Amino acid sequence: MTQTLKQLPWELEENILSRLPPPSLVRLRTVCQRWNALFNDKSFVNDHFSRSRPGFLFLGSPKNYSIDIINPNSNDPTTQSCELPLSAMPYQDLHYRCTTIKACDELLLFNNRYWNGLSALWNPWLSQFKLIKKDGAQFNCCGLGYEIIDRTNKVYKILGYFDPDPEEECTRVAIYECASHVFKHIDLPEHKWFMSEGVRDTVSLKGNLYWFSLDAETDEYFIRSFDFSVGTFKPFCLLPCQKDGNYRDELLLQVFKEDRFSLLKQNYLTRKIEIWVTNTIDEEEVVWTKMMNLPTTNFPRLFEQFYGKSYFIYDKTLFVCCCENSTSVPCIYIVREDLCKQIHIDSGIFQCCHCVYTPSLFPVP
């Protein structure tokens, strides 16, 4: 007697799929068109994202890892490593010391001098890789953002600049539209500040770019922003704290709770860390609140980390990925008032790596 297989209700089927890890979803995309369409659905992505554990993406040599934080609020948080398949990164000879990596939503933007100025968008979980077409132009990418067209569509764009010719007096700044491959040049009346600031150290939030800037008159640090919708630069807000008379004090900016910023400041001499957070950026006035004060004398000096450092805040715990100052071994540090734990990453990573906090599932546009 033949038994008829009953199909699960779609709501239950969707709920089960939302609990699977990203690598499993990649393999399941080919099962049927319905599942493939579901994995591209925004509401499914948001549901899956809400269930995901915080973690880092380690990009190193010769291996790349996705590292989840297990039980981040427990007395003894641990990590779980998953090596990314070689097929996830087409360019295995990537020289990370000469690479800048920026995150926006689900995507990573690569810009590398060793690829003849080649840049690319990469989704490591879906093994999708898309080259940025520059038509031979030496265009240096500073950051990735987007312009919202309507409720369901975004146009991803890149802010960057062209290598100046010897006869040019100023840097040519432009926006590159990823879908149309069109450059739009931006006029900068006061262009000199652009190259003197840390425009390469950008953070993307709600489609716009933000970075640290130094006021030459007051000698105070503030955050400058670039709005892709209107193509303009403007000051965003002052920082709640400044460097304590030591240029080696470290300031790091990161997105917090997807709608605000966090600021990490480390005193170079004492190694103490301050964590500040803002209110939501949609409010009229930006207000900073000190969230944590951490005495971490056994924590590495972040100023001496020339590349590959990142952090995020989970509840009231600080997670930092960087390298040991003495050995250059990549580590994750878990810090709060009652804990300072160091976790070494797999010894297969021989060179210090880039570490990016960017859980994602979406396809490359």
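**Exercise 1: Charges over rings**

Find what lies over the face of Y146, and at what distance from the ring centre. Then do the same for W10.

*Solution.* Keep in mind that you are working with a predicted model.
- Step 1: Start at the ring of Y146; K154 lies over its face, 4.2 Å from the ring centre.
- Step 2: Move on to W10, where R34 is placed over the face of the ring, at 3.7 Å from the centre.
- Step 3: Recall the test for such a pair: NZ of Lys or CZ of Arg has to be within 6 Å of the ring centre. The 4.2 Å for K154 and the 3.7 Å for R34 both meet that distance limit.

**Exercise 2: Pairs of aromatic rings**

How many aromatic pairs does a search of the whole structure find? Classify the pair F56 and F312 and the pair Y210 and F236, and place each residue in its strand.

*Solution.*
- Step 1: The search gives 17 aromatic pairs.
- Step 2: For F56 and F312, the ring centres are 5.0 Å apart and the planes meet at 50°, so this pair is called tilted. The label fits because planes under 30 degrees apart would be stacked and over 60 edge-to-face.
- Step 3: Now look at the sequence positions. F56 belongs to strand β1 (residues 55-59) and F312 to strand β20 (residues 310-314), so the pair ties together parts 256 residues apart in sequence. Both F56 and F312 are buried.
- Step 4: Turn to Y210 and F236. Their centres are 5.1 Å apart with planes at 70°, so they are edge-to-face. This pair also links distant parts of the chain, with Y210 in strand β13 (residues 208-214), F236 in strand β15 (residues 232-238), and the two positions 26 residues apart.
- Step 5: Check the accessibility of Y210: its relative accessible area is 5%, so it counts as buried.
- Step 6: To finish, pick out a cluster: F139, F162, Y176 and F183 form one aromatic cluster.

**Exercise 3: Two open sheets**

Give the strand order of the open sheet that holds β5, and of the one that holds β21. Why is one side of β4 and of β7 left without a neighbour in the sheet?

*Solution.*
- Step 1: One open sheet has four strands, ordered β4-β5-β6-β7, with antiparallel pairing.
- Step 2: In that sheet, β4 (99-104) and β7 (128-131) are the edges; each has a single partner strand, so one side of each has no neighbour in the sheet. From one strand to the next, the twist averages 20°.
- Step 3: Zoom in on β4 and strand β5 (residues 107-112): six bridges join these antiparallel strands, and A103 stands opposite L108 in β5.
- Step 4: The other open sheet runs β20-β21-β22-β23, again four strands with antiparallel pairing. Its edge strands, β20 and β23 (339-344), each pair on one side only, and the twist averages 15° from strand to strand.
- Step 5: Within this sheet, six bridges connect strand β21 (residues 317-323) with strand β22 (residues 330-336) in the antiparallel sense. Here C323 is found opposite P330 in β22.

**Exercise 4: Positive phi**

Where do K206 and E258 lie, and is each buried, partly exposed or exposed?

*Solution.*
- Step 1: Start from the background: most residues other than glycine have a negative phi.
- Step 2: K206 is not a glycine, yet its phi is positive, at about 50°. K206 sits in the loop between β12 (203-205) and β13, and its relative accessibility of 38% makes it partly exposed.
- Step 3: E258, also a residue other than glycine, has a positive phi near 70°. Its place is the loop between β16 (250-256) and β17 (260-266). With a relative accessible area of 53%, E258 counts as exposed.

**Exercise 5: Two buried polar residues**

Which backbone atoms do the side chains of N208 and S18 approach?

*Solution.*
- Step 1: Locate N208 in strand β13; at 15% relative accessible area, N208 is buried.
- Step 2: Leaving out neighbours within four places in sequence, N208 is in contact with V203, F226, D227 and F228. A polar atom of the N208 side chain lies 3.3 Å from the backbone nitrogen of F228.
- Step 3: Compare sequence and space: N208 and G145 are 63 residues apart in sequence, while their C-alpha atoms are 5.4 Å apart.
- Step 4: S18 is in the loop between α1 (10-17) and α2 (22-28). S18 is buried, at 1% relative accessible area, and its side chain reaches the backbone oxygen of N15 at 2.7 Å.

Definitions and conventions:
Residues are numbered from 1 along each chain as its sequence is written. This is a predicted model: local features need pLDDT of at least 70, side-chain atom pairs count only at pLDDT 80 or more; totals for chains, interfaces and linings use all residues. Side-chain values use heavy atoms; hydrogens and water are left out. Rings of Phe, Tyr and Trp (its six-membered ring) pair if their centres lie within 6.5 Å; planes under 30 degrees apart count as stacked, over 60 as edge-to-face and the rest as tilted. Buried means under 20% relative accessible area, exposed over 50%, partly exposed in between (1.4 Å probe, protein chains only). A charge sits over a ring if NZ of Lys or CZ of Arg is within 6 Å of the ring centre and within 35 degrees of the ring normal. Two strands pair if DSSP finds at least two bridges between them. Axes are lines fitted to C-alpha atoms, for helices over the stretch in contact, and angles run from 0 to 180 degrees between N-to-C directions. Contact means heavy atoms within 4.5 Å. A polar contact is a pair of N or O atoms within 3.5 Å; within protein, one must be able to donate a hydrogen and the other to accept it, and residues adjacent in sequence count only if both atoms are side-chain atoms.
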